[in-house]
Amino acid sequence: MSEPLKIAIAGLGTVGAGTVKIIQDQAETLNARAGRAITITAVSARDQSKDRGVDLKDIQWFSDAETMARDADADVVVELIGGSEGIAKAICETALGKARHVVTANKALLAHHGIELARMAEKSGVSVQYEAAVAGGIPIIKSLREGLAANDVNRISGILNGTSNYIMTRMREENLEFGTVLKDAQDLGYAETDPSFDIDGVDAAHKLAILASVAFGAELNFEAVHTEGIRHISLMDVQFADELGYRIKLLGIAARTGAGIEQRVHPCLVPKVAAIANVEYAFNAVEVECNFADTIVHVGPGAGAGPTASAVVADIIDIARGNATPVFGVPTSSLSAIPTVPMVQHHGAYYVRLMVVDRPGVFADIATILRDHEVSMESVLQRGRAPGEPVPLVMTMHETLEANMNTAFTEIAALDVVVGEPCVIRIELLPG
Ligand code: NAP
Ligand code: HSE
């Protein structure tokens, strides 16, 4: 039997404590699968007195995580603190500088510094593993880097943020407003330390940028991801979408087009009959369209202690087995720079909800502007009658150029009968 693989873990919160639990509870299984014991030799967090529901006796405690990354008796440093800068980055750099493998669940760090870390790992001859950083318990990184390695990927899309999906699901099922549900997602351990990352689409954008790099063999480019969140979606929009035969999902989509790679994260109306419409609560889904294996759909829990720690431990097992895969699927020197397609060039269908003053001629004014910008309406819905008061006016648009939509709705928003900002949501016409 080989020497045990020695692990130092920084961060003992939802994912860190979950990782310790799996390594301890599943010791025999892991030993058999890895061909050697996996031993936690050191841990670090802020508060040593906190009960984390796991047994930490006989494990060296470091009050400074960076010191641990440098000095602990460990082959692997597992970074489970979070944040793109500061201590998390310092730990990973220190560990790689000392030729220790790094395992992390930190998509923010990878989205901003993934290439630098990958270069450091290549120089030191160690790996950076990050299965837990994208889609929680779903082994999407392994699927892309290994299972689908024979293919060219044309498009990768899906639900990449458990918190947003959980919120959208409960809003629809229980007729709840956004803010009420966010608190529950935080209590369940799904949300980021700063939950605005979840609800403003930033977390999903981090994950999409990582996926696009691995899927397309392209340089990771977080700045290229067009990012919108779900903060502006009201219960009224969820209910109108339902009435029109759709559900609202926060999707991440990266696709090759003739002009380059489109990367976008935003809420979408998807037909209720589409498979992705029925991926609910904190579940994620990732659909990969490729040239030989066709379309592969991955669905599973996208957040929370068990699923995320399961992915962390899978990475540790890979290291214990001696498996080494380039961080982004190919050596960093082979990653290509691919032009980004700006969102104004997007061509798609749209849902729009306006609050308009209920008086004659309003609709004619709106229709005139749409005609002037070659935006073609598919359907229109107005509920209720309140002369002189604002009422919702809901429209869906046939496929059109986003630049035209933007100009048309800037003009429409400026009409004195339109109250507040229009709520514009793209429609993804996915097959059932
Ligand atoms: P968390 O519950 O807030 O835990 C963070 C841990 O980091 C805590 O144990 C905290 O210590 C420790 N910590 C904070 N600052 C530290 C410092 N300066 N030195 C040492 N330890 C420090 O966060 P989490 O949900 O487990 O997330 C951890 C990482 O996993 C993040 O990158 C997150 O994006 C990622 N992730 C989370 C999930 C999920 O479902 N939660 C899923 C996928 C990926 P104390 O406990 O002493 O305060
Ligand atoms: N906050 C993230 C989410 C955790 O809700 O999806 C999983 O990455």
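I began with the sheet of this predicted model, and looked up how strand E1 (residues 5-10) meets strand E2 (residues 38-44): the two pair in the parallel sense, over 6 bridges. To fix the register I took Lys-6 and found that its bridge partner in E2 is Thr-39.

I then followed the pairing outward and noted an open sheet of 6 strands, with parallel pairing and the order E3-E2-E1-E4-E5-E6. Strand E3 (60-62) and strand E6 (128-129) are the edge strands, and each of them pairs on one side only.

Next I turned to ligand 1. I listed 25 residues around ligand 1, and those that come nearest are Val-15, Asp-47, Arg-52, Glu-192 and Gly-304. Sorting the shell around ligand 1 by residue class, I obtained 10 nonpolar, 9 polar and 6 charged residues.

For the polar contacts of ligand 1, I checked backbone and side chain separately. On the backbone side, a polar atom of Thr-14 is 2.9 Å from an oxygen atom of ligand 1, and a polar backbone atom of Gly-189 is 2.9 Å from a nitrogen atom of the ligand. Glu-192, already entered among the residues that come nearest to ligand 1, brings a polar side-chain atom to 2.6 Å from an oxygen atom of ligand 1. I also looked up the cover: ligand 1 taken alone exposes 890 Å², of which the protein buries 85%. The space that ligand 1 takes is the largest pocket.

I went on to ligand 2 and asked myself which residues are around it. I wrote down Lys-107, Asn-161, Gly-162, Thr-163, Tyr-190, Ala-191, Glu-192, Asp-198, Asp-203, Lys-207, Gly-302 and Ala-303. Glu-192 therefore appears in my entries for both ligands, being listed around ligand 1 as well as around ligand 2. By class, the shell around ligand 2 divides into 3 nonpolar, 4 polar and 5 charged residues.

Three side chains of that shell went into my table of contacts with oxygen atoms of ligand 2.

| Side chain (N or O atom) | Distance to an oxygen atom of ligand 2 |
|---|---|
| Lys-107 | 2.5 Å |
| Asn-161 | 3.4 Å |
| Lys-207 | 2.7 Å |

Directly after these contacts I recorded the burial: ligand 2 taken alone exposes 250 Å², and the protein buries 94% of that. I also asked which elements give two or more residues to the shell around ligand 2, and found helix H7 (162-174) and helix H10 (202-216). As a last entry I looked up the space taken by ligand 2, and this space, too, is recorded as the largest pocket, as I had entered for ligand 1.

Conventions:
Residues numbered from 1 in each chain as written. Chains lettered and ligands numbered in written order. Predicted model: local features only at pLDDT ≥ 70, side-chain atom pairs only at ≥ 80, totals over all residues. Heavy atoms only, no water. Near = heavy atom within 4 Å. Polar contact = N/O pair within 3.5 Å; in protein donor to acceptor, adjacent residues only side chain to side chain. Areas by Shrake-Rupley, 256 points an atom, 1.4 Å probe, with all protein chains shown as cover. 1 Å grid on protein atoms, 1.4 Å probe; cavity = no way out; pocket = protein on both sides within 12 Å on 5 of 7 lines; lining within 4 Å. Sits in = over half its atoms within 2 Å of the grid points. Helix = DSSP H or I, 4+ residues; strand = E, 2+ residues; numbered from the N terminus. Nonpolar A, V, L, I, M, F, W, Y, C, P; charged D, E, K, R; others polar. Pairing = 2+ DSSP bridges.
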